[in-house]
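This report goes through selected features of one protein structure, beginning with a single residue and its contacts and moving on to sheets, helices and aromatic rings.

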Amino acid sequence: MRVVITGGAGMLGKKLAGELLKRGTLVDRSGKAREISKIVLFDIAESPGIPADPRIEVQLGDVDDHATVDRLIAPDTGAIFHLAGVVSSGAERDFDLGYRVNLDGTREVLEAARRLPQPIKLVFASSLACYGGGLPPVIPDDFRITPQTSYGTQKAIGELLVADYARKGYVDGRSLRLPTIVVRPGKPNLAASTFASSILREPLAGERAMCPVDPETWMPLLSPRRCIDAFIRAHDLSDADWGWNRTLLLPSLDITVRDMAEGLRRAAGEAAYALIEWKHDPAIAKIVAGWPARMAAKRAVTMGFAADASIDEMIENYRRDDAPAARA
């Protein structure tokens with residue numbers, strides 16, 4: 001099976017590729033576990049940490065370029081994980097870029113998949129940014145989507161496109177609404193939620209980090225480990241498992257930013273905790289305040305998806321999986 005991961009040079013793309021290499025198979029539409037022969041990591045540029053394996057191929061280009069995506073999703077493609085996108089603050093700052101990559105790019109990927117000899121499974125990475133405006137304390141599975149950012153709007157449209165292409169039988173699409181991913185390795189990016197990793201990652205390395213939101217801000221979190229497991233499970237479930245509803249709200253650890261900082265204190269002590277600088281940023285705080293605070297992802301739990309047990313577990317997993325590489 002040839003697997004394509006758009007956004008493949010990003011943190012989640014590389015981790016997904018590594019886990020797929022380890023597992024060696026994916027379940028196709030017939031329910032058969034098929035050996036993975038090639039994983040194509042597609043992105044705008046390369047980055048360090050791409051797995052060194054003969055089954056890995058890197059292709060560079062723009063996801064909204066028709067000819068490029070048409071070549072990428074070749075006739076022998078057996079699975080697609082569409083993770084490519086401009087992140088939240090970036091899409092809000094550059095309206096045209098956000099729509100070009102997040103909307104036009106998604107449409108190009110779906111159209112290329114539609115031209116394949118037979119429908120294949122496609123997993124789309126969506127976001128809790130699809131929600132917004134007058135949210136209840138806890139978001140249930142069937143709550144309406146009314147995004148209040150360009151990024152959220154682009155992701156919501158992407159979900160609808162995936163569902164419609166699936167309804168028409170062009171692709172066996174599945175969309176996952178991701179919580180904030182913590183702890184992300186690497187450096188801060190343009191996502192409004194980047195501070196959620198920074199306030200843990202940087203102090204663990206002895207560096208200062210700024211928190212731009214109120215300590216009592218609630219955030220639904222998911223670790224990279226759980227996220228990668230969710231991508232693969234979402235793919236391997238059958239068409240019947242998904243039914244007509246092709247979008248899934250993932251389970252999350254719902255926690256305040258203060259409790260995240262307390263987890264850091266327990267893990268690394270007072271010196272690390274003191275490296276957090278609480279400095280309010282109105283622009284970031286406004287975006288984050290428009291996101292859901294707590295989730296009730298009951299459907300995902302019945303389908304076998306799981307949340308992280310605690311912030312302590314998430315920090316410990318980061319230390320095991322990514323902190324040694326960061327120090328190196």
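## Thr256 and its contacts

In this predicted model, Thr256 is in contact with Pro215, Glu216, Thr217 and Trp218, leaving aside its neighbours within four places in sequence. Thr256 belongs to strand S14. Its relative accessibility is 6%, so Thr256 counts as buried, the limit being under 20%.

Pro215, one of these partners, is placed in the loop between strand S11 (209-211) and S12. Pro215 is buried as well, with a relative accessible area of 18%. Not counting residues up to four places away in sequence, Pro215 touches Thr256, Val257, Arg258 and Trp278. Ile36, by contrast, is 179 residues from Pro215 in sequence, and the two C-alpha atoms are 44 Å apart in space.

## The three-stranded sheet

Strand S14, which holds Thr256, is part of an open sheet of three strands in the order S10-S12-S14, with mixed pairing. Strand S10 (180-181) and strand S14 (253-256) each have a single partner strand and stand at the edges, so one side of each has no neighbour in the sheet.

Strand S12 (residues 218-222) and S14 run antiparallel and are joined by four bridges. Among the residues involved, Leu221 has Leu253 in S14 as its bridge partner.

## The seven-stranded sheet

A second open sheet has seven strands in the order S5-S4-S1-S6-S7-S9-S13, and here the pairing is parallel. Its edge strands are strand S5 (56-60) and strand S13 (247-249), each of which pairs on one side only. On average, neighbouring strands of this sheet are turned by 20° against each other, direction ignored.

Within this sheet, S7 and strand S9 (residues 172-178) run parallel and are joined by seven bridges. Ala125 stands opposite Leu176 in S9. Strands of a sheet pair through backbone hydrogen bonds, in either a parallel or an antiparallel manner.

## Helices across the sheet

Helix H4 (residues 95-114) lies across strand S1 (2-6), strand S6 (77-82) and S7, and runs at about 165° to S6. Helix H5 lies across S7, S9 and S13, at about 155° to S7. Strand S7 is thus among the strands crossed by H4 and among those crossed by H5.

Val101 is located in helix H4 and is buried, with a relative accessible area of 13%. Not counting residues up to four places away in sequence, Val101 touches Val63, Gly85, Val86 and Thr106. Val101 and Pro54 are 47 residues apart in sequence, with 29 Å between their C-alpha atoms.

## The buried side of helix H13

Which residues of helix H13 (residues 311-321) are buried? They are Ile311, Met314, Ile315, Asn317 and Tyr318. Around the helix axis these residues cover an arc of only 160°, which puts them on the same side of H13.

## Aromatic pairs

The model contains three aromatic pairs. In one of them, the rings of Tyr131 and Phe143 have centres 6.4 Å apart and planes at 45°, so this pair is tilted. Tyr131 is in the loop between strand S7 (121-127) and strand S8 (138-140), while Phe143 is in the loop between S8 and helix H5 (150-167), so the pair ties together parts that are twelve residues apart in sequence. Both Tyr131 and Phe143 are buried.

Another pair is formed by Tyr165 and Tyr170, with ring centres 5.9 Å apart and planes at 70°, so the arrangement is edge-to-face. The partners differ in exposure: Tyr165 is buried, with a relative accessible area of 6%, whereas Tyr170 counts as partly exposed at 27% relative accessibility.

## Arginines over tyrosine rings

Tyr170 also has a charged side chain over its ring: Arg114 lies over the face of Tyr170, at 4.2 Å from the ring centre. Arg265 is placed in a similar way over the face of Tyr273, where the distance from the ring centre is 3.7 Å.

Key: Residues are numbered from 1 along each chain as its sequence is written. This is a predicted model: local features need pLDDT of at least 70, side-chain atom pairs count only at pLDDT 80 or more; totals for chains, interfaces and linings use all residues. Side-chain values use heavy atoms; hydrogens and water are left out. Buried means under 20% relative accessible area, exposed over 50%, partly exposed in between (1.4 Å probe, protein chains only). Helices (H or I, at least four residues) and strands (E, at least two) are DSSP runs, numbered from the N terminus. The arc is that of the directions from the helix axis to the C-beta atoms. Rings of Phe, Tyr and Trp (its six-membered ring) pair if their centres lie within 6.5 Å; planes under 30 degrees apart count as stacked, over 60 as edge-to-face and the rest as tilted. A charge sits over a ring if NZ of Lys or CZ of Arg is within 6 Å of the ring centre and within 35 degrees of the ring normal. Two strands pair if DSSP finds at least two bridges between them. Axes are lines fitted to C-alpha atoms, for helices over the stretch in contact, and angles run from 0 to 180 degrees between N-to-C directions. Contact means heavy atoms within 4.5 Å.
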